[in-house]
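The exercises below ask you to read a structure residue by residue and to justify each step. Please keep the sequence and the coordinates open while you work through them.

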Amino acid sequence: MHDDRTGQTAVIFMSNRNGIDPAGYAAAAAAMEALAATQPGYRGIDSVRDEAGLGITISYWADDAAAIAWRDDPDHAAIRDRGRALWYDRYRVTVARVERDYDWARP
C-alpha cells in the first residue's frame with residue numbers, strides 16, 4: 001500500500017554530484033529532508049542516486065503554493081547555495097502535477 005499522490009505537486013530534482021565533501025552533503029541532505037517534513041503541505045519524498053553521482057529526488061506537496069514555500073524557505077535556500085558552490089556540477093528542477101498514481105508489487 002502506498003500514499004496516493006494524485007493531485008499533488010511533484011518537485012523533481014535531478015542532479016549531478018561531484019563527489020566533494022560526501023559527509024557534509026549527507027548531513028545537509030538529511031537535515032533538509034527532516035526540515036521539509038515539518039513544512040505545511042509536505043506529502044513525502046522519493047530519492048535515488050547512482051554510483052556516478054546522478055541523483056533524482058522527488059518531493060511531493062499538497063499544492064504548488066506549498067512547493068513554492070519550500071523553495072523559498074531560508075534554510076533550504078542557504079543549503080541550495082552551498083550545493084551550487086560545493087556539491088553539484090549541475091541540477092535541474094521540474095515541477096509537475098500528479099495526474100495518476102498507482103503501483104504494483106510482486107505478491
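A residue counts as buried when its relative accessible area is under 20%, and as exposed when that area is over 50%. The model is a predicted one.

**Exercise 1.** Decide whether Thr9 counts as buried or exposed, and describe its surroundings.

Solution. Begin with the position: Thr9 belongs to strand β1, which covers residues 9-17. Next, apply the cut-off: the relative accessibility of Thr9 is 7%, and therefore Thr9 counts as buried. Then look for polar partners of the side chain, where a polar atom of Thr9 lies 3.1 Å from the backbone nitrogen of Asp64. Finally, list the contacts, leaving aside neighbours within four places in sequence: Thr9 touches Ser59, Tyr60, Trp61, Asp63, Asp64, Ala67, Val95 and Ala96. Ala67, when treated in the same way, is in contact with Thr9, Val11 and Trp61.

**Exercise 2.** Find which residues of helix α3 are buried, and work out how they are arranged around the helix.

Solution. Start with the dimensions: α3 spans residues 74-87, has 14 residues and reaches 19 Å from its first C-alpha to its last, which is close to the 20 Å expected at 1.5 Å a residue. The buried residues of α3 are His76, Ala77, Gly83 and Trp87. Viewed down the helix axis, the buried residues of α3 fall within an arc of 150°, so they line one face of the helix. The face turned away from that buried side carries the exposed residues Pro74 and Ala85. As for partners, the buried residues of α3 pack against β1, α1 (22-36), α2 (64-72) and β4 (88-97). At the N-terminal end, Asp73 acts as the cap of α3, with a side-chain oxygen 3.0 Å from the backbone nitrogen of Asp75.

**Exercise 3.** List the residues of the largest nonpolar core, and name the elements that give two or more residues to it.

Solution. The largest nonpolar core has 9 residues, namely Val11, Met32, Leu35, Ala36, Tyr42, Trp61, Ala66, Ala67 and Trp70. The elements that contribute two or more residues to this core are α1 and α2.

**Exercise 4.** Count the aromatic pairs, and classify the pairs Phe13 with Tyr88 and Tyr42 with Trp61 by their geometry.

Solution. The structure holds 7 aromatic pairs. For Phe13 and Tyr88, the ring centres are 5.4 Å apart and the planes stand at 75°; planes over 60 degrees apart count as edge-to-face, so this pair is edge-to-face. Phe13 lies in strand β1 and Tyr88 in strand β4, so the pair ties together parts that are 75 residues apart in sequence. Tyr88 has a relative accessibility of 15% and therefore counts as buried. For Tyr42 and Trp61, the centres are 5.4 Å apart and the planes are at 75°, so this pair is edge-to-face. Tyr42 in strand β2 (residues 42-49) and Trp61 in strand β3 (residues 54-61) are 19 residues apart, and their pair links distant parts of the chain. Both Tyr42 and Trp61 are buried. One aromatic cluster is formed by Phe13, Tyr25, Trp87, Tyr88 and Tyr91.

**Exercise 5.** Locate Asp21, and state what is notable about its phi.

Solution. Asp21 is found in the loop between β1 and α1. Most residues other than glycine have a negative phi. Asp21 has a positive phi of about 50° although it is not a glycine. With a relative accessible area of 29%, Asp21 is partly exposed.

Note on methods:
Residues numbered from 1 in each chain as written. Predicted model: local features only at pLDDT ≥ 70, side-chain atom pairs only at ≥ 80, totals over all residues. Heavy atoms only, no water. Helix = DSSP H or I, 4+ residues; strand = E, 2+ residues; numbered from the N terminus. Buried < 20%, exposed > 50% of the residue type's maximum accessible area, 1.4 Å probe, protein only. Polar contact = N/O pair within 3.5 Å; in protein donor to acceptor, adjacent residues only side chain to side chain. Contact = heavy atoms within 4.5 Å. Expected span 1.5 Å × (residues − 1). Arc of directions from axis to C-beta. Core = buried A, V, L, I, M, F, W, Y, C linked by side-chain atoms within 4.5 Å. Phe/Tyr/Trp six-rings, centres within 6.5 Å; stacked < 30°, edge-to-face > 60°.
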